[in-house]
Amino acid sequence: MPTETIASVVAIGGAPSVPAMPEHPDRALLLSGEESGERVAIHCEATSFDAATADLRSIAALRIRGGRVLTSQRLILSFWPTEPAEPALSRLLAFIGNRPLVGYYLDFTVGLLDRLVQPMVGMALPNQRIEVSSLYYGRKAKAPGKYAVDLRLDSILRDLDLPPRGGEDAYASALAAAMVYLRLEPPRP
């Protein structure tokens, strides 16, 4: 098979052929058109708050179906710098599929995941995103009077009369985000 050089391609007027990236099996899960009606609450812990440089340490994901948080259907993963992340990320992608993602400080979580997932599957996460602090702010901004809105997760839980987080880990924060979501966006019958 003859090898194309850039000079021969330019002379012919075409572009050099780039080998196609093999289709990753998790890509089909993310792009599936099936609608389950479920949501996934997700939160991660990392080495810093800079999604462009942080190392992922742990991630927790819980499914939300109707008005219930399915704590029995949860995924908690830990990441170590010496271990490859792809097997754990494949489990995560299979768990979330094409479901909308619910979370607190979700741009950070998804930004960090996109940085790791995009080279693996050839695309960023296409999932719809539901930021609970934005839902909360939208509700508070409609209230009469002008005052600052406290958007800290623990303050939101307290104001909505929800139980406090049971810790500072990824699972406790994902569960808290799921409870806030259900309080602010109850399912329609």
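Start by selecting helix α3, which lies across β1, β2, β3 and β4 (101-103). Against β3, α3 runs at about 165°. Keep in mind throughout that this is a predicted model.

**Helix α3 and its end**

Colour residues 86-96, the span of α3, and pick out the buried ones: Ala 88, Leu 89, Ser 90, Leu 92, Leu 93, Phe 95 and Ile 96. Then step just past the helix to Gly 97, where phi is positive, at about 55°.

**The whole chain**

Zoom out. The protein chain has 189 residues, and 39% of them count as buried. Its secondary structure comes to 7 helices and 5 strands. Following the chain from the N terminus, you pass the elements in the order α-α-β-β-β-α-β-α-β-α-α-α. Turn on contacts between residues at least 6 apart in sequence: 61% of these join residues at least 24 apart.

**The sheet**

Now show the strands alone. The 5 strands make an open sheet with mixed pairing, and its order is β3-β2-β1-β4-β5. At the edges are β3 (68-78) and β5 (129-131), each of which pairs on one side only. Look along the sheet to see the twist, which averages 25° from one strand to the next.

Next, select β1 (residues 39-46) together with β2 (residues 56-65). These two strands run antiparallel and are joined by 8 bridges. Add helix α7, residues 170-184, which packs on the sheet and touches β1, β2, β3, β4 and β5. The direction of α7 makes about 30° with that of β2.

**His 43**

Within β1, select His 43. Which residue of β2 is its bridge partner? The partner is Ala 60. Is His 43 buried or exposed? His 43 counts as buried because its relative accessible area is 14%, and the cut-off for buried is under 20%.

Display what surrounds His 43, leaving aside neighbours within four places in sequence. The residues in contact are Ser 58, Ile 59, Ala 60, Tyr 104, Thr 109, Ala 170, Ser 173 and Ala 174.

**Ala 170**

From that set, move to Ala 170, which lies in helix α7. Its relative accessibility is 4%, so Ala 170 is buried as well. With neighbours within four places again left aside, Ala 170 is in contact with His 43, Cys 44, Glu 45, Ser 58, Ile 59 and Ala 60.

Draw a distance from the C-alpha atom of Ala 170 to that of Leu 77. The two atoms are separated by 9.5 Å, while the residues stand 93 apart along the chain.

**The largest pocket**

Finally, show the surface and find the largest pocket, with a volume of about 270 Å³. Which residues are the closest to its centre? Of the 16 that line the pocket, they are His 43, Cys 44, Phe 49, Tyr 105 and Ser 173. Two elements, β1 and α7, give two or more residues to the lining. The largest share comes from β1, with 4 residues.

Colour the lining by residue type to end the tour. It divides into 8 nonpolar residues, 4 polar and 4 charged.

Conventions:
Residues are numbered from 1 along each chain as its sequence is written. This is a predicted model: local features need pLDDT of at least 70, side-chain atom pairs count only at pLDDT 80 or more; totals for chains, interfaces and linings use all residues. Side-chain values use heavy atoms; hydrogens and water are left out. Buried means under 20% relative accessible area, exposed over 50%, partly exposed in between (1.4 Å probe, protein chains only). Contact means heavy atoms within 4.5 Å. Two strands pair if DSSP finds at least two bridges between them. Axes are lines fitted to C-alpha atoms, for helices over the stretch in contact, and angles run from 0 to 180 degrees between N-to-C directions. On a 1 Å grid over the protein atoms alone, a cavity is a set of points where a 1.4 Å probe fits but cannot get out, and a pocket is an open set with protein on both sides within 12 Å along at least five of seven lines; lining residues have an atom within 4 Å of a point. Grid points are joined across faces, edges and corners, and a volume is the space filled by probe spheres set on the points. Ala, Val, Leu, Ile, Met, Phe, Trp, Tyr, Cys and Pro count as nonpolar, Asp, Glu, Lys and Arg as charged, and the others, Gly among them, as polar.
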